Structures are given as structure tokens and as C-alpha cells.
Amino acid sequence: MKKLRADKKHVYYPYEMHDLKHYPNLIKHMAPNRPSVAERASSSEWVRMRLGETYLIAAEAAGRKGDYALAATYLNVVRERAAWHKDEAKAPQYYTIEGGENDTDSTFPEIKVTEEQLRSSDFVSFMLDERGRELLGELAVGRTWCAPRSSMTG
């Protein structure tokens, strides 16, 4: 199948051409029984609610009440799970792009959130960014992102 060009600035890839080169897929959505990324049919489970999202909701509620210490505690639970752990093997794509080496230290101390950080930032924007990082590619992310934005105008 041929690529379709519009004004030579954009390239359109029909759905049948989607592959890891032209339309990267999130690894967490790869189903072992799907023949290719372009196939819609899959038997992978659909997640209705995630524990990480629950912690984000609790952190946002605590922060909006002014309890930034509790909000930081909830956020750090999510970030500690996402961090590289001590002696965990890292994929070379993660450390070579940034010019680093394959060390075996935990990355959690570098991404830990503090109460002062939350207190001195625009808390709602911080939480929207955190949701974007944690819920990347999830179906429910649009619904939860819209709720905080509508309450910012008050």
C-alpha cells in the first residue's frame, strides 16, 4: 500500500499500514495473541480501574484540602512503583539516549515528590501532568483529565 501525502508536509498511514515503525504502540497494550499492531481484535483484558489512578485521586483530594504532606505520600507510592528499583535490569534505550550508563541504583530518590514542591507549584497543573505520565494510553484518562479543568475557572 502506498503512503498518501498531503502538501508534502504530512504523511498519512492507513490503518492497515500501522506497525511499530510508522505507528508506535505502547508495550502495555501489546497482546501476545494479536498477529500485528494493526489488528483490532485482541483478547487482552480491559482495565476498568487502576490502583495508581486511585492514589492520584486521593492525592488530588488531599492537595485541594491543603494537606500537601498526605498528597506527597500518595504520589510517592505511585512514583516508587514506576521507578527503576535497585539491581533491576534497565533496557538500553533508557540509559543510552540520555548519555548515561547502565547503573543498578534505584531512580526513586530522583523523582520523589516533597510537600514543599507541591505547596510551591500550581497544584492542579502538577496533578494533570502526573495523570498524563501515569495514565498514558489508558481509555479513562480523558474523562478524569476534564474534571479538574472545569473546576479551575472558579
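In which helix is Asn76 found? Asn76 is found in helix α2, and the legends below place this residue among its surroundings in the structure.

The structure is a predicted model, in which local features need pLDDT of at least 70 and side-chain atom pairs count only at pLDDT 80 or more, whereas totals for chains, interfaces and linings use all residues. Residues are numbered from 1 along each chain as its sequence is written, and side-chain values use heavy atoms, with hydrogens and water left out.

**View 1. Overview of the protein chain, with its seven helices and two strands.** Helices (H or I, at least four residues) and strands (E, at least two) are DSSP runs, numbered from the N terminus. Along the sequence, these elements follow the pattern β-β-α-α-α-α-α-α-α. Of the 154 residues in the protein chain, 27% are buried, where buried stands for under 20% relative accessible area, exposed for over 50% and partly exposed for values in between (1.4 Å probe, protein chains only). The accessible surface, computed by the Shrake-Rupley method with a 1.4 Å probe and, for residues, with only the protein chains shown counted as cover, comes to about 11,300 Å², and 55% of this area belongs to carbon and sulfur atoms. With contact defined as heavy atoms within 4.5 Å, residues 24 or more positions apart account for 50% of the contacts that have a separation of 6 or more.

**View 2. Asn76 and Val113 in contact.** Asn76 counts as buried because its relative accessibility is 10%. Leaving aside neighbours within four places in sequence, Asn76 is in contact with Phe108, Lys112 and Val113. Val113 in turn touches Ala72, Leu75, Asn76, Arg79, Leu118 and Phe126, when residues up to four places away in sequence are not counted.

**View 3. The largest nonpolar core, a set of 13 residues.** A nonpolar core is a set of buried Ala, Val, Leu, Ile, Met, Phe, Trp, Tyr and Cys residues joined through side-chain atoms within 4.5 Å. The members that touch the most other members are Ala71, Leu75, Val113, Leu118, Phe123, Phe126 and Met127. Helices α1, α2 (68–82) and α6 (123–134) each supply at least two residues of this core, and α2 gives the most, with four residues.

**View 4. Helix α1, residues 51–64.** The expected span of a helix is 1.5 Å times one less than its number of residues; the 14 residues of α1 should therefore span 20 Å, and this agrees with the 20 Å between its end C-alpha atoms. The buried residues of α1 are Gly52, Glu53, Leu56, Ala59, Glu60, Ala62 and Gly63. Leu51 is also found in helix α1, but Leu51 counts as exposed because its relative accessibility is 60%. Leu51 and Val78 are 27 residues apart in sequence, and their C-alpha atoms are 8.8 Å apart in space. Helix α1 is followed by Gly66, whose phi is positive, near 95°.

**View 5. Helix α6 and the Arg133–Glu130 salt bridge.** The twelve residues of α6 should span 16 Å at 1.5 Å a residue, which agrees with the 16 Å between its end C-alpha atoms. Within α6, the residues Phe123, Val124, Phe126, Met127, Leu128, Glu130, Arg131 and Glu134 are buried. The side chains of Arg133 and Glu130 meet in a salt bridge (2.7 Å, N to O), the term being used for a side-chain nitrogen of Lys or Arg within 4 Å of a carboxyl oxygen of Asp or Glu. Both residues lie in helix α6, three residues apart, about one turn of the helix. An α-helix has 3.6 residues a turn, so residues three or four places apart point the same way. Glu130 counts as buried because its relative accessibility is 3%.

**View 6. Salt bridges that link α6 to α1 and to α2.** The structure holds seven salt bridges, among them one in which the side chains of Arg131 and Glu60 meet at 3.3 Å, N to O. This pair links distant parts of the chain, with Arg131 in helix α6 and Glu60 in helix α1, 71 residues apart. Arg131 counts as buried because its relative accessibility is 3%, and Glu60 is buried with a relative accessible area of 11%. Glu134 forms a salt bridge with Arg81, where the closest N and O atoms are 2.6 Å apart; here Glu134 lies in helix α6 and Arg81 in helix α2, 53 residues apart. Glu134 is buried, with a relative accessible area of 10%, whereas Arg81 counts as partly exposed at 49% relative accessibility. Salt bridges that share partners join Arg50, Arg81 and Glu134 into one network.
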